[in-house]
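Subject: Model handover

Hello,

Here is the model we talked about. Please open it alongside this note; my findings follow below.

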Amino acid sequence: MEVALADRLNGIGEYYFSQKLREIDERNKRGEDVINLGIGSPDLAPHSTVLQELHAQSSKQNVHGYQNYKGSPILRTAIANWYKKWYGVELNADKEILPLIGSKEGIMHVCMTYINPGDVVLVPNPGYPTYSSAAKLAGGHVQEYPLTEKNNWLIDFEELENIITQLRAEKKKVKLMFVNYPHMPTGATADDVFFEKLVDFAKTHSILICHDNPYSFILNDAPQSLLAIEGAKDVVIELNSLSKSHNMAGWRVGMLCGAEERINEVLRFKSNMDSGMFLPVQLAAASALELGNDWHDVLNKIYTERREKVFDLLDSIDCTYNKHQTGLFVWARIPAVYETGYQLSDEVLNEAAVFITPGGIFGSQGNGYVRISLCSTAQKIAEATKRIVESKTKQQA
């Protein structure tokens with residue numbers, strides 16, 4: 001029997017990594033032993049105290065029922081304390097924080113809460129593909145704003161003004177804008193001056209900014225929140241996550257922070273989608289947020305060593321890159337002999353059984369780049385480099 005798909009799925013394909021991981025699984029079944037340096041899923045465990053807290057809490061008899069739709073007060077208080085300690089941001093734990101089952105879920109909730117059919121959503125190019133797909137699923141009109149290496153992957157506000165002017169000429173109104181710094185996939189960072197310009201821009205044009213902020217603790221000495229800018233809560237909501245910073249990607253613990261009015265608006269949608277997060281996970285997450293500098297120092301030492309190995313790998317395929325990137329990835333420009341990152345990625349996969357991500361999946365501005373994840377051991381990355389070098393030697397023989 002044929003069942004017609006909903007129109008909202010027109011132009012929405014399967015998530016790239018869902019498809020690619022299936023292909024890699026098939027290759028491994030054929031004995032290829034692919035080294036996957038693509039997806040940013042931390043391979044390290046959360047802190048031992050977090051695991052102990054999860055075990056202790058989940059062993060109790062009274063924690064297995066439905067939970068508060070706004071999340072445990074203990075978790076919300078921990079989030080508020082965390083934002084104050086690391087970002088210098090004051091948040092009311094009862095009114096300005098909404099725990100999420102992962103921040104990816106929050107992107108969808110934000111779009112469904114605010115976007116009507118035809119509303120314009122600004123998304124970065126290159127950028128996280130979920131921004132576009134969630135906006136389209138909500139019926140929005142996606143308008144990309146380009147980011148370039150020449151401008152250090154920061155927003156060109158003059159160009160953005162031109163985009164707004166053109167949209168107005170077409171009788172289109174921008175309602176929502178996704179922003180992400182430290183930026184994925186490029187690893188670029190922003191400063192307070194840039195963030196102040198962004199807040200002013202949003203106020204001038206009455207645009208709600210959704211800042212996605214999951215990478216601020218990885219290889220970054222100065223974690224920042226857009227909410228730290230004076231007056232930001234008037235026009236900004238911020239997503240954050242424990243996936244990268246605390247090795248808890250599979251736990252699905254995220255948060256939305258912002259003004260009370262915004263939190264209540266998103267809750268109207270979210271409360272119809274789920275029945276809360278498992279309480280022991282929330283309580284263990286609260287304990288994770290209490291970890292200090294030692295935790296981040298240990299993680300960043302490991303990622304620094306891995307990044308050096310990734311640099312070696314990129315050198316072996318003649319890519320160029322900025323050594324001062326932040327986050328869980330290294331972004332690199334491909335050599336001129338390749339037309340796109342897809343071509344280089346396919347060659348490395350087919351010839352050396354190593355998968356690196358083509359930059360084009362993040363938008364047309366990423367076509368000349370590749371991205372490599374730091375979520376594999378230094379030994380595994382070194383093995384990938386060895387395979388690539390050996391495959392090139394065979395081709396040249």
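How do the axes of helix H6 and helix H7 cross, and within what distance do they come? Bear in mind that this is a predicted model. The axes of H6 (residues 157-169) and H7 (residues 192-205) come within 12 Å and cross at roughly 15°. Angles under 35 degrees count as roughly parallel, so H6 is roughly parallel to H7. Their crossing is right-handed. On the H6 side, the contact is made by Phe157, Leu160, Glu161, Ile164 and Arg168. H7 contributes Phe194, Lys197, Leu198, Phe201 and His205. By class, that contact has six nonpolar, one polar and three charged residues.

Now the sheet. Seven strands form it, and it is open. The order is S2-S8-S7-S6-S5-S3-S4, with mixed pairing. S2 (97-100) and S4 (141-146) are the edge strands, each pairing on one side only. From one strand to the next, the twist averages 20°.

Two helices should be viewed with the sheet. Helix H3 (residues 73-87) packs on it and touches S2, S7 and S8. The direction of H3 makes about 110° with that of S2. Helix H5 (residues 129-137) lies across S3, S4, S5 (174-179) and S6. H5 runs at about 165° to S3.

At the S4 edge, the partner is S3 (residues 120-125). S3 and S4 pair in the parallel sense over six bridges. Pro124 stands opposite Tyr145 in S4.

Next, S7 (residues 236-241). Which strands are joined to S7, and in which sense do they run? S6 (residues 208-212) is joined to S7 by four bridges, and the two run parallel. Here Cys210 stands opposite Ile237 in S7. Four bridges also join S7 to S8 (residues 254-257), but this pair runs antiparallel. In that pairing, Asn240 stands opposite Met255 in S8.

Why is S7 described as largely enclosed by the rest of the structure? Six of the six residues of S7 are buried, so the strand is largely enclosed. In a regular strand, side chains alternate between the two faces of the sheet. Both faces of S7 are covered. Val236, Glu238 and Asn240 are buried on one side. Ile237, Leu239 and Ser241 are buried on the other. Ile237 and Asn240, already met in the pairings with S6 and S8, thus belong to opposite faces of a strand that is largely enclosed.

Best wishes

Key
Residues are numbered from 1 along each chain as its sequence is written. This is a predicted model: local features need pLDDT of at least 70, side-chain atom pairs count only at pLDDT 80 or more; totals for chains, interfaces and linings use all residues. Side-chain values use heavy atoms; hydrogens and water are left out. Buried means under 20% relative accessible area, exposed over 50%, partly exposed in between (1.4 Å probe, protein chains only). Two strands pair if DSSP finds at least two bridges between them. Axes are lines fitted to C-alpha atoms, for helices over the stretch in contact, and angles run from 0 to 180 degrees between N-to-C directions. Angles under 35 degrees count as roughly parallel, over 145 as roughly antiparallel, 65 to 115 as roughly perpendicular and the rest as oblique. A crossing is left-handed if the near helix is turned anticlockwise from the far one by less than a right angle, and right-handed if clockwise. Contact means heavy atoms within 4.5 Å. Ala, Val, Leu, Ile, Met, Phe, Trp, Tyr, Cys and Pro count as nonpolar, Asp, Glu, Lys and Arg as charged, and the others, Gly among them, as polar.
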